[in-house]
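Below are some brief notes on the model you sent. They begin with a single residue and then turn to the chain as a whole.

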Amino acid sequence: MTALLLLLLQCVACVGYGTAVLRIFKVDGLLNWTERASWSFVLGIGVLGWLLFFVGVSGQLGSVAMLAVLIVGVPGVVLLGRPEGLNGDPLSRVERILLAVLLLALVLDSLEGVSPPGDADTLAYHFATPKLFLEAGRIFFIPRAVDGAAPLLLQMTYTSALGLGGEKALTLWAMVSGWGAALLLYVLARNHMSRPWALAITVIWLTTPVVLYGGGSGQVEVRNAGFVLLGLAALMRARETQWLRYAAVAGLAAGLFIASKYTGLLFAAACVPALLTFKGGLRHAAVFGAMALLAGFQWYL
């Protein structure tokens with residue numbers, strides 16, 4: 001029960017933080033409810049890891065501080081508003097089949113979520129590092145080749161799950177946070193194609209071996225894919241509207257990827273040429289870069 005309550009609290013806190021950031025940039029009112037929910041959850045995962053970094057480097061990585069960070073994010077969920085226009089047309093036979101396959105994929109993923117971690121990368125690194133931080137009560141340098149000084153934004157969200165809810169909460173959080181990318185993929189696809197095609201693409205995503213294997217583990221690639229999708233969705237809106245606020249959100253998404261894995265630097269670099277094709281591209285690139293720096297600087301500094 002403690003694990004489930006912590007999982008719910010962490011999910012709500014992430015949505016709250018994400019919605020608050022969208023409100024700060026005056027983007028939430030331009031999105032429909034499903035877009036707000038998916039953008040907020042993925043963005044909020046990154047915001048939670050960003051905030052917990054400062055708790056960790058200050059040597060306050062204990063239950064009280066982590067719980068406080070989660071609780072502070074909860075009121076923001078009010079900004080999400082009530083769902084609207086979700087009824088839609090009746091489901092066709094094809095859509096019902098696709099939904100059945102999608103639910104089956106989620107059930108298989110759930111089996112991984114309720115099972116102890118099994119792959120070496122998760123056991124020796126992704127879940128082991130947060131445990132070491134919790135035991136020390138702070139973030140510290142690990143003198144180890146290759147990954148000793150790696151950016152660990154997503155692992156900080158594992159730290160709060162493990163520290164407050166135990167291993168079961170940790171594995172469940174890995175499962176649910178991995179679903180954020182799938183939700184965002186569906187919403188993004190639905191904006192450009194019919195519902196059956198959007199469902200089909202989401203089913204394909206959830207049933208690929210890399211997602212089935214890594215989505216519910218401690219490996220960060222699937223969660224980083226959520227940051228990429230969020231960045232691309234914001235860039236598409238920025239190109240359509242020429243509004244700097246979308247470039248800012250895209251920069252935050254890129255920065256969160258940068259703070260999660262070195263390869264995020266490649267994604268951010270790839271976005272800049274696209275931004276320069278916009279009208280007033282230098283301003284868009286400058287805003288994007290500033291927000292990416294804000295979201296991603298801490299581990300590198």
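1. R36 is buried, at a relative accessible area of 12%, because the cut-off for that class is under 20%. The model is a predicted one, and the remarks here should be read with that in mind.

2. As to location, R36 belongs to helix 2, which covers residues 33–57. Leaving aside residues up to four places away in sequence, R36 is in contact with L22, D28, L31, L80, R82 and E84.

3. Which backbone oxygen does the side chain of R36 reach? The partner is L80, at 3.0 Å. L80 is also listed among the residues that R36 touches.

4. The secondary structure consists of 13 helices, with zero strands. The order along the sequence is accordingly written α-α-α-α-α-α-α-α-α-α-α-α-α.

5. On overall dimensions, the radius of gyration of the chain is 19 Å, which agrees with the value near 19 Å for a compact globule because the chain has 301 residues. The C-alpha trace spans about 50 × 45 × 35 Å along its principal axes.

6. On packing, 52% of the 301 residues count as buried, and R36 is one of the buried residues. Among contacts with a separation of 6 or more, 77% come from residues 24 or more positions apart.

7. The exposed area of the chain is about 13500 Å², and 71% of it is supplied by carbon and sulfur atoms. Charged side chains number 19 positive and 14 negative, and the centres of these two sets are 9 Å apart.

Definitions and conventions
Residues numbered from 1 in each chain as written. Predicted model: local features only at pLDDT ≥ 70, side-chain atom pairs only at ≥ 80, totals over all residues. Heavy atoms only, no water. Helix = DSSP H or I, 4+ residues; strand = E, 2+ residues; numbered from the N terminus. Rg over C-alpha atoms; globule rule 2.2 N^0.38 Å. Buried < 20%, exposed > 50% of the residue type's maximum accessible area, 1.4 Å probe, protein only. Contact = heavy atoms within 4.5 Å. Areas by Shrake-Rupley, 256 points an atom, 1.4 Å probe, with all protein chains shown as cover. Lys, Arg positive; Asp, Glu negative; His and termini not counted. Charge placed at Lys NZ, Arg CZ, Asp CG, Glu CD. Polar contact = N/O pair within 3.5 Å; in protein donor to acceptor, adjacent residues only side chain to side chain.
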